[in-house]
Amino acid sequence: MTMKRALPSPSSLLFFLLITSLFPCQGNRVSASMPSSESETLFKIMESMSSDQQWRQSHPNPCAPGSSWPGIECKTGPDHLSHVSRLDFGSAPNPSCKPSASFPSSIFSLPFLQSVFFFNCFTHFPTTIIFPIKLLPNSSLQQLSLRSNPSLSGQIPPRISTLKSLQILTLSQNRLTGDIPPAVFSLKSLVHLDLSYNKLTGKIPLQLGNLNSLVGLDLSYNSLTGTIPPTISQLSMLQKLDLSSNSLFGRIPEGVEKLRSLSFMALSKNKLKGAFPKGISKLQSLQYFIMDNNPMSVALPVELGFLPKLQELQLENSGYSGVIPDSYTKLMNLSSLSLANNRVTGEIPSGFESLPHVFHLNLSRNLLIGVVPFDSSFLRRLSKNLDLSGNRGLCLKPEDEFSVVKTGVDVCGKNITSGGAGALMQHPKKKSQATSSRYYRSCFFSSALFQFALFLGLHQRLVL
């Protein structure tokens, strides 16, 4: 007799489908292994950079779950294999760098590498940034960061222009020399360029204007010369500009008024001089303007008082003359103002005490005269953050005598004291001005890279 096979019930069939969806078959699983050529390149990099471990033995499959080391990230490629996408060296908990470490050019041979960081790695033996003879046709590298490497010297190689996907280039606090190669400015995808704290020389190339996606530019603390290129006006997306501590001369270019997104501008410690561009008042997003220690030798620009978001204004030790514009007392977001060690004349405008956020005011070593127009509550609020010393024609109202030591100004009607002020409305005598060494910086840009809050969205994707 023939036996009939029982058909599965609808409920048992549903259970089977559910189980198979939760546990896919072995053939569909993504492999955690890495191509042998890529893993060999990675191990050679690790062995040349760090002696923390025997990397081949301790992590034979560096991208496998539970086997990867700190400082490495992996991703699955279209070949369903794992590939290294990020490497960090030098800062805990990432692998440390051994004294004999030198720049590993083979990082540019990792086809899926997107971010690489070397922090305080090259410290003992001189090394340079070099590229392999044979480069990948389409590099995936989006972020290259080499910071605080005192033995990293030589020039920035023009071949860096082959990294077409590069969005963040940080070569800061090294000992790089020579000119900035114009090839850097062919990297059209760059959003952040930081070459600060090196020994770079020469002019800023006109090709700077090609980086029309640039949000942050920091070339500070080098030995750059020449003028600020007029092509800077083409950087319409720019939010941070720091060219301080170089040897730049000439005027601020007229085209700077086109940088409508700019919120931070530092041009201090250069050789800039001459009148400000009239259109500087169009920088309506500007919050921080740091421009002390330049031989400007012009009257204080009225236009700076028409920047509604301005929080910090540093113009000390730059030969400014004339009176303090009343427009400065309309800066309702102002928190810090320094006009120290200039040739500013006239009386202090009375409106400063009405500014709600001011906590630092330095008007010392000028030619100001008259009665200090601040009430006792303002004097108490600023306390030691108010410096009016070195203005022999200034004096305090008798009821504010308790503030003499803090402000450096004597009471009206008293004789001149050592370091004090003169009698009411006494004509100031010109005397040599001491060079100010104070360089007040706000904490707007913390060194965590972010170091840079303006790139928070980008860093969420690429950095942290």
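In strand β19, Arg343 is the bridge partner of Ser321. That bridge is a good place to enter this model, which is predicted. Ser321 opens β17, a strand that covers 321–323. Strand β19 covers residues 343–346. The two strands run parallel, and three bridges join them.

Now follow β19 across to its other partner. Strand β19 pairs with β21, residues 367–371, again in the parallel sense. Two bridges hold this pairing. In one of them, Thr345 of β19 meets Leu367 of β21.

These strands belong to an open sheet of four. Its order is β17-β19-β21-β23, and the pairing is parallel. The edges are β17 and β23 (393–395), each of which pairs on one side only. From one strand to the next, the twist averages 30 degrees.

Step back to the chain as a whole. The protein chain has 464 residues, and 51% of them count as buried. It contains six helices and 23 strands. Take the contacts with a separation of 6 or more: residues 24 or more positions apart account for 57% of them. The protein chain exposes about 21500 Å². Carbon and sulfur atoms supply 56% of that area.

A second open sheet lies earlier in the sequence. Three strands form it, in the order β5-β7-β9. Its pairing is parallel. Strands β5 (153–154) and β9 (199–200) are the edges, each with a partner on one side only. Strand β7 spans residues 175–178, and two bridges join it to β9. Thr177 has Lys199 of β9 as its bridge partner.

Next, helix α2, residues 36–49. Does its length fit its residue count, or depart from it? The helix has 14 residues, which at 1.5 Å a residue should span 20 Å. Its end C-alpha atoms are 20 Å apart, so the span agrees.

Several α2 residues are buried: Glu38, Ser39, Thr41, Leu42, Phe43, Ile45, Met46 and Met49. An α-helix has 3.6 residues a turn, so residues three or four places apart point the same way. The buried residues of α2 pack against α3, β1, β2 and β3.

The disulfides come next. There are three in the structure. Count the bonded cysteines along the chain, and the pattern is 1-2, 3-4, 5-6.

Begin with Cys63 and Cys74, whose sulfur atoms are 1.9 Å apart. The torsion about their S-S bond is about -75 degrees, so this disulfide is left-handed. Cys63 sits in the loop between α3 (55–58) and β1 (72–76), while Cys74 sits in strand β1 itself; the pair therefore ties together parts that are 11 residues apart in sequence. Is each cysteine buried or partly exposed? Cys63 counts as buried because its relative accessibility is 12%, under the 20% cut-off. Cys74, with a relative accessible area of 31%, is partly exposed.

The next disulfide joins Cys97 to Cys121, with 2.0 Å between the sulfur atoms. Here both partners lie in loops. Cys97 is in the loop between β2 (82–89) and β3 (115–119), and Cys121 is in the loop between β3 and β4 (143–147), so the link ties together parts that are 24 residues apart in sequence. Both Cys97 and Cys121 are buried.

The remaining disulfide brings us back to the four-stranded sheet. Cys395 and Cys412 form it, their sulfur atoms 2.1 Å apart. With 85 degrees about the S-S bond, this link is right-handed. Cys395 lies in strand β23 and Cys412 in the loop between α5 (404–407) and α6 (456–462), so the pair ties together parts that are 17 residues apart in sequence. Strand β23 is an edge of the sheet, yet Cys395 is buried, with a relative accessible area of 0%. Cys412 also counts as buried, at 18% relative accessibility.

So where does the walk end? Trace the sheet order once more, from β17 through β19 and β21 to β23. At β23, the disulfide from Cys395 leads on to Cys412, in the loop between α5 and α6.

Conventions: Residues numbered from 1 in each chain as written. Predicted model: local features only at pLDDT ≥ 70, side-chain atom pairs only at ≥ 80, totals over all residues. Heavy atoms only, no water. Buried < 20%, exposed > 50% of the residue type's maximum accessible area, 1.4 Å probe, protein only. Contact = heavy atoms within 4.5 Å. Areas by Shrake-Rupley, 256 points an atom, 1.4 Å probe, with all protein chains shown as cover. Pairing = 2+ DSSP bridges. Axes fitted to C-alpha atoms, helices over the stretch in contact; angles between N-to-C directions. Disulfide = S-S within 2.5 Å. Expected span 1.5 Å × (residues − 1).
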